Amino acid sequence: MKIGLGLPIDDPALLLTWARRADAGPFTALGLLDRLVFDNPEPLVTLAALAGATSRIRLQTEVLIAPVHGTALLAKQAATLDRMSGGRFTLGIGVGGREDDCLAAGIDIRRRGRRLDEQMDLLRRTWRGEAYGEGVGPIGPAPATPGGPEVLFGGFAPAALDRVARFGDGFLGAALPPRSMDGLFRGVEAAWEKHDRPGRPRLVAQVNVALGPAATVEQARRNLLAYYAFTGRADHMADGLLSTPEAIREAVHGFLGIGADEVMLYCWSSDADQIDRLADTLF
C-alpha cells in the first residue's frame, strides 16, 4: 500500500521537520501545491530543500500550474531537481484556474490549455537533450530519469485526461470520493488505450485530511476555506475534510479498490504529529 503526504502550506519553516519525519516512516511521497497569488511557498524551491533533507521518499508537485511558469526555466528546474534528488522527483502538472495567477504571470487564461500542450513538447524535447528551439541549443543538466522526471497530470476535463496519454506517465485525481474518481480513472485508461500507449498509466488519488485534536482540525478547515475561496465552493471542500481514522481508512481502501497505485493524504494543518497519527491509522 503506497501512501503519500501532501504538505501543509501555512508554516513553510516546519516543512523540513515534516520531510524528515515522513522520510523516516512508511510514507512513499511528499506533495506540495502551487499557486502564484497566494501565501504559499514556491514548490520547486521548497522541494529542492526537502530533497537535501531526505534520502528515500519521493517529492512531487501536486500540481504545478505550468502555464504561469516560463517553459525553458521550468525544464531546467525540473531536471535539476530530478538530478539532485537521485530521480526521486515527480512533476505533477495542470492548467490551474485562477485569473489572478494568470494576470500576475502575464498570460491569457483562455490559452492556458494550449500553452500547456506547447510546454510539454518543449519539456520533453529538452529532457531528451535536444536543442530547445531554433537558434537555441540544449538546456541542461540532464535529468537523472532518462527522458525526464515522471509527469502526472491533474484535472477533470476530457482534455486533461487526454494529456495523460499524450504526454504523461499517469494521473493525479483530487477532491472527489472513490465512487466519483472511478469514472476519471477509467477515462484515463480509455485515453491511454486510444493513443496506443504501452503498459498502463499510474493512477494517484488525493484526499484532504486532518487527524488530531480539535485545534488541528479547525486549523485545517480554515486553511481549506482560504485556499478554495476563489472557487465559490470552499464550504463544500472543507466539508469533505476527513478527520477520523475510520473515515481515512475507508477512503484509502476505496481508492485502492478502484485501482489507485498511490493515495496522497493532503494535510491542511501544520501539526507535524499528524504524521505519526496517520502512520498508526494505516500501517
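**Exercise 1.** In which kind of crossing, left-handed or right-handed, does H3 pass H5?

*Solution.* Before you start: this is a predicted model, where local features need pLDDT of at least 70, side-chain atom pairs count only at pLDDT 80 or more, and totals for chains, interfaces and linings use all residues. Residues are numbered from 1 along each chain as its sequence is written, and side-chain values use heavy atoms, leaving out hydrogens and water.

Step 1: find the helices (DSSP runs of H or I, at least four residues, numbered from the N terminus). Step 2: get the geometry; H3 and H5 pack at about 50°, axes 9 Å apart (axes are lines fitted to C-alpha atoms over the stretch in contact, and angles run from 0 to 180 degrees between N-to-C directions). That makes H3 oblique to H5 (oblique is what remains after under 35 degrees, roughly parallel; over 145, roughly antiparallel; and 65 to 115, roughly perpendicular). Step 3: read the hand. H3 passes H5 in a right-handed crossing (the near helix is turned clockwise from the far one by less than a right angle; anticlockwise would be left-handed).

**Exercise 2.** Work out how H2 packs on H3 and which residues meet.

*Solution.* Step 1: H2 (residues 43-53) and H3 (residues 71-84) pack at about 15°, with axes 10 Å apart. That makes H2 roughly parallel to H3. Step 2: their crossing is left-handed. Step 3: on the H2 side, look for Leu44, Leu47, Ala48 and Ala51; they meet Leu74, Gln77 and Leu81 in H3 (contact means heavy atoms within 4.5 Å).

Note on methods: Helix = DSSP H or I, 4+ residues; strand = E, 2+ residues; numbered from the N terminus.
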